[in-house]
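User: I'd like to learn how to read contacts, burial, cores, cavities and confidence in a model. Please take me through them one feature at a time.

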Amino acid sequence: MTIPPLDLILLLGAIQGLILAGMLWFSRGGNRLSNRLLGTLIGFLALMSFAVGVPVNNVYLSHFIDLAPLFNAMPLGPLIYFYTRSVLDPTFRLGKAERRHFYPVVLDWGAPLIGWTFIFGLLLRKFPMQDGPSWGNVMTEYNMYVDIPRWVSMTVYLVLAWRWLARKAPERREGDEEARRNIRWLRQALTGLLLFQAIWLVHLVPYILPGTRSALLDSVGWYPLYIPIAILIYWMGLKGYLHARRHPVEKPSRKTVATTLPPEQVDKTVGQLQNAMQSERLYLDPELTVEKVARTLQLPPKTVSFVLNQHLRKSFNTFVNEYRVEAVKQRLATSASEHLTLTGIAFECGFNSQATFQRVFKQMTGVSPREFAESAPGNTSQIRI
């Protein structure tokens, strides 16, 4: 059997995608949830690429492709969105509220359910065999128009993921090099997916219009859409896997906390961290990272991150910014700082971004820096923005 070159590309992409999906799912490096979300995304794309690229020379294989739920596009958007959140926030978990985002997958199962309805009706002698082509036409029409909510869903979730990245990026830029690499990787991945959405839209418009549908499929088929999918499978899957292996994230479960670090070592590390902030005031360094703190304390960076995340239940940025915010509050409550601007005070207390300072201060105190300055005791009325 000779396979056309373009179909061979799709099949090779599908095989590569399934391999990468398995590698991500069982990878021990990086964030386990992030790996599995990306692996599931790559796996869904691989199944769709297989269904389009496999040569249909056998009637049973054709029926299998029509009746098996190989096309699952509605979960792609939520997978991208939650993958972005999990990379930026290692404490993120999929709860009941998040799982509801995957319920629209039933739209992807509509065409197979129509086909199975006909088969069971045929077996029960409710439908005649000659009605098969008309049921097949219904399945085809359904698959065509369900592409509209599929495209809209993925676009909406991509926008949400990009907004989440834009909101978290300033805070993560104050963190370690690993956090900055995460941001770069997510920007590349989301940009690639947005480009794919543009390609999909160009293909979708003539596809859903009855007057241009046949000409489109006869001339180029599905290749303009699925060749980019094959590229996405290989690029995102391989790069995502290498990214996870290169930048592991230590996240032991509660069950392993006691066996990972003895309680006395945890208490000692917490005391060292607090002393480094209160006495040595490391938070005044605007470029402070986990690695710098670890060098000061002569501890492994993973130990510092582990104690902060698992015992203090705080990210590194949150822990440091709490001291910075407290320092700003103390400065605002004294008349000695009335000649400075709020931004100047923030920079002196370790912040390196006005936007981050404004957001973090209000998040931790419930009021803006200006509102706090106006209500603070002491002569602070002359402090400017």
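**Reading the features**

User: Let's start with contacts: which residues is Ser49 in contact with, leaving aside its neighbours within four places in sequence?

Analyst: Contact means heavy atoms within 4.5 Å. With those neighbours left out, Ser49 is in contact with Leu10, Ala14, Tyr226 and Ile233. Before we go on: this is a predicted model, where local features need pLDDT of at least 70 and side-chain atom pairs count only at pLDDT 80 or more, while totals for chains, interfaces and linings use all residues. Residues are numbered from 1 along each chain as its sequence is written, and side-chain values use heavy atoms, leaving out hydrogens and water.

User: Where does Ser49 sit, and why does Ser49 count as buried?

Analyst: Ser49 belongs to helix 2; helices here are DSSP runs (H or I, at least four residues), numbered from the N terminus. Buried means under 20% relative accessible area, with a 1.4 Å probe and protein chains only. Ser49 counts as buried because its relative accessibility is 0%.

User: And cores? Which residues touch the most other members of the largest nonpolar core?

Analyst: A nonpolar core is a set of buried Ala, Val, Leu, Ile, Met, Phe, Trp, Tyr and Cys residues joined through side-chain atoms within 4.5 Å. Here the largest one has 50 residues, and Met154 and Met236 touch the most other members. At least two residues each come from helix 1 (5–25), helix 2, helix 4, helix 8 (147–173), helix 9 and helix 11 (223–246). Helix 9 has the largest share, eleven residues. If you click on Met154, look for Leu76, Gly77, Ile80, Leu193, Phe196, Gln197 and Trp200, which it touches beyond four places in sequence. There's also a second, separate core of 37 residues, including Val270, Leu273, Phe306 and Leu332.

User: Phe306 is in helix 15; which residues of that helix are buried?

Analyst: In helix 15 (residues 301–311), the buried ones are Thr303, Val304, Phe306, Val307, Leu308, Asn309 and Gln310. After helix 15 comes Arg313, with a positive phi near 55°.

User: What about cavities: how many of 30 Å³ or more does the structure hold?

Analyst: On a 1 Å grid over the protein atoms alone, a cavity is a set of points where a 1.4 Å probe fits but cannot get out, and lining residues have an atom within 4 Å of a point. The volume is the space filled by probe spheres set on the points, which are joined across faces, edges and corners. This structure holds one cavity of 30 Å³ or more, and the largest has about 50 Å³ of space. Two or more lining residues come from each of helix 2 (32–53), helix 4 (76–88) and helix 9 (177–208). Helix 9 gives the most, four residues. Among the lining residues are Leu38, Tyr83, Ala189 and Met236.

User: Ala189 is in helix 9; what is it in contact with beyond four places in sequence?

Analyst: Trp235 and Met236. Ala189 counts as buried because its relative accessibility is 3%. Another pairing to view is Ala189 and Leu232, which are 43 residues apart in sequence and 9.1 Å apart in space, C-alpha to C-alpha.

User: Last one: what is the mean pLDDT of the protein chain?

Analyst: pLDDT is the predictor's confidence in each residue, from 0 to 100. The chain's mean is 87, and 90% of its residues reach 70 or more. Over residues 249–259, though, the pLDDT is below 50, and this stretch has 17 contacts in the model beyond near neighbours in sequence. Where pLDDT is low, the predicted coordinates should not be read in detail.

Technical notes
On a 1 Å grid over the protein atoms alone, a cavity is a set of points where a 1.4 Å probe fits but cannot get out, and a pocket is an open set with protein on both sides within 12 Å along at least five of seven lines; lining residues have an atom within 4 Å of a point.
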